[in-house]
Amino acid sequence: MAILEIIQPDNPILRKKAVRVTDFGDKLQALIDDMYETMLSAEGVGLAAPQIAESRRLILVRLPDDEDSQEEYGEEAGKLYVIANPKIIKNSHSTVSGVEGCLSLPGLFGEVERFESIVITGQDRQGNATRIKAKGWLARVFQHEIDHLDGKLFIDIAEKVWHADDEEEFEDSVES
Ligand code: CO
């Protein structure tokens with residue numbers, strides 16, 4: 001496994017619409033393993049393939065598994081989601097505002113409105129069809145990652161954006 005470079009917006013790949021994953025062979029499996037290691041090493045809760053300069057529709061999501069997270073998120077804490085070709089097929093009417101950060105935009109945070117709950121379809125790492133219901137923070141991370149596949153960043157839709165050193169640290173922020 002290897003830790004990959006997380007690209008910044010000066011690399012145009014981050015702004016491109018990514019292409020569908022069709023080959024679930026060894027190369028994709030190795031890429032997923034590398035993305036997982038990269039995400040953990042960067043202490044992110046999500047990573048989309050375009051962030052490591054692979055313009056493909058592939059995302060990883062994993063909420064932390066420390067004691068507090070286990071209490072708050074139950075079995076979702078520490079669970080790894082690997083989804084190829086994810087698509088939001090249902091969303092709640094209700095939206096919630098929350099603080100987000102992004103591994104591709106170090107030091108930036110923003111207040112972003114997202115659907116409170118969503119249903120996603122896609123494929124797992126073997127290519128089998130999968131369907132996930134997510135709410136709260138997990139739903140937020142999925143929406144953030146799926147946006148990456150269309151070249152969208154949270155700063156595009158945030159109500160306000162600030163530098164981390166302007167404010168106190170945000171405990172509940174999402175860096176993905
Ligand atoms: Co991000």
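Glu72 is found in helix H2. The model discussed here is a predicted one. With a relative accessible area of 57%, Glu72 is exposed, because exposed residues are those over 50%. Glu72 also belongs to a patch of negative charge on the surface, where it gathers with Asp66, Glu67, Asp68 and Glu71.

**Aromatic pairs**

A pair of aromatic rings is described by the distance of the centres and the angle of the planes. In this model the count of aromatic pairs comes to two. One of them joins Tyr73 and Trp137: the ring centres are 5.4 Å apart, the planes stand at 40 degrees, and the pair is tilted. Tyr73 lies in helix H2, which covers residues 67-73, while Trp137 lies in helix H3, which covers residues 136-149, so this pair ties together parts that are 64 residues apart in sequence. Both Tyr73 and Trp137 are buried.

Tyr81 and Phe142 also form an aromatic pair, with 5.4 Å from centre to centre and 75 degrees between the planes. This pair is edge-to-face, because its angle falls in the class over 60 degrees. Tyr81 is part of strand E3 (residues 80-91) and Phe142 is part of helix H3, so the contact ties together parts that are 61 residues apart in sequence. Is Tyr81 buried or exposed? Its relative accessibility is 9%, so Tyr81 counts as buried. Phe142 is buried as well, with a relative accessible area of 0%.

**Salt bridges**

Side chains of opposite charge can pair when their charged atoms come close. Across the whole structure, a search finds nine salt bridges. The table lists three, including the distance between the closest N and O atoms of each.

| Residue | Partner | Closest N and O atoms |
|---|---|---|
| Arg56 | Glu54 | 2.9 Å |
| Arg62 | Asp65 | 3.1 Å |
| Glu100 | Arg140 | 2.8 Å |

How do the residues in the table stand with respect to the surface? Arg56 has a relative accessibility of 26% and counts as partly exposed. Glu54, its salt-bridge partner, is partly exposed too, at 27% relative accessible area. In the salt bridge of Arg62 with Asp65, Arg62 counts as buried at 15% relative accessibility, whereas Asp65 counts as partly exposed at 38%. The value for Arg62 is 15%, so it falls in the buried class, which holds residues under 20%.

The third row concerns Glu100 and Arg140, whose closest N and O atoms are 2.8 Å apart. Glu100 lies in strand E4 (residues 95-101) and Arg140 in helix H3, so their salt bridge ties together parts that are 40 residues apart in sequence. Both Glu100 and Arg140 are buried. Which residues are linked with Glu100 in a network of salt bridges? They are Arg114, Arg140 and Asp147.

**Helix H3**

Helix H3 has come up in several of these contacts. It holds Trp137, the partner of Tyr73, and Phe142, the partner of Tyr81. Arg140, paired with Glu100, is in helix H3 too. Gly136 also has its place in this helix. Gly136 is partly exposed, with a relative accessible area of 35%. How far is the C-alpha atom of Gly136 from that of Leu31? The two C-alpha atoms are separated by 28 Å, and the residues are 105 apart along the chain.

Terms used:
Residues numbered from 1 in each chain as written. Predicted model: local features only at pLDDT ≥ 70, side-chain atom pairs only at ≥ 80, totals over all residues. Heavy atoms only, no water. Phe/Tyr/Trp six-rings, centres within 6.5 Å; stacked < 30°, edge-to-face > 60°. Helix = DSSP H or I, 4+ residues; strand = E, 2+ residues; numbered from the N terminus. Buried < 20%, exposed > 50% of the residue type's maximum accessible area, 1.4 Å probe, protein only. Patch = residues over 30% accessible without salt bridge, like charges linked within 9 Å, V, L, I, M, F, W, Y side chains within 5 Å. Areas by Shrake-Rupley, 256 points an atom, 1.4 Å probe, with all protein chains shown as cover. Salt bridge = Lys/Arg side-chain N within 4 Å of Asp/Glu carboxyl O. Lys, Arg positive; Asp, Glu negative; His and termini not counted. Charge placed at Lys NZ, Arg CZ, Asp CG, Glu CD.
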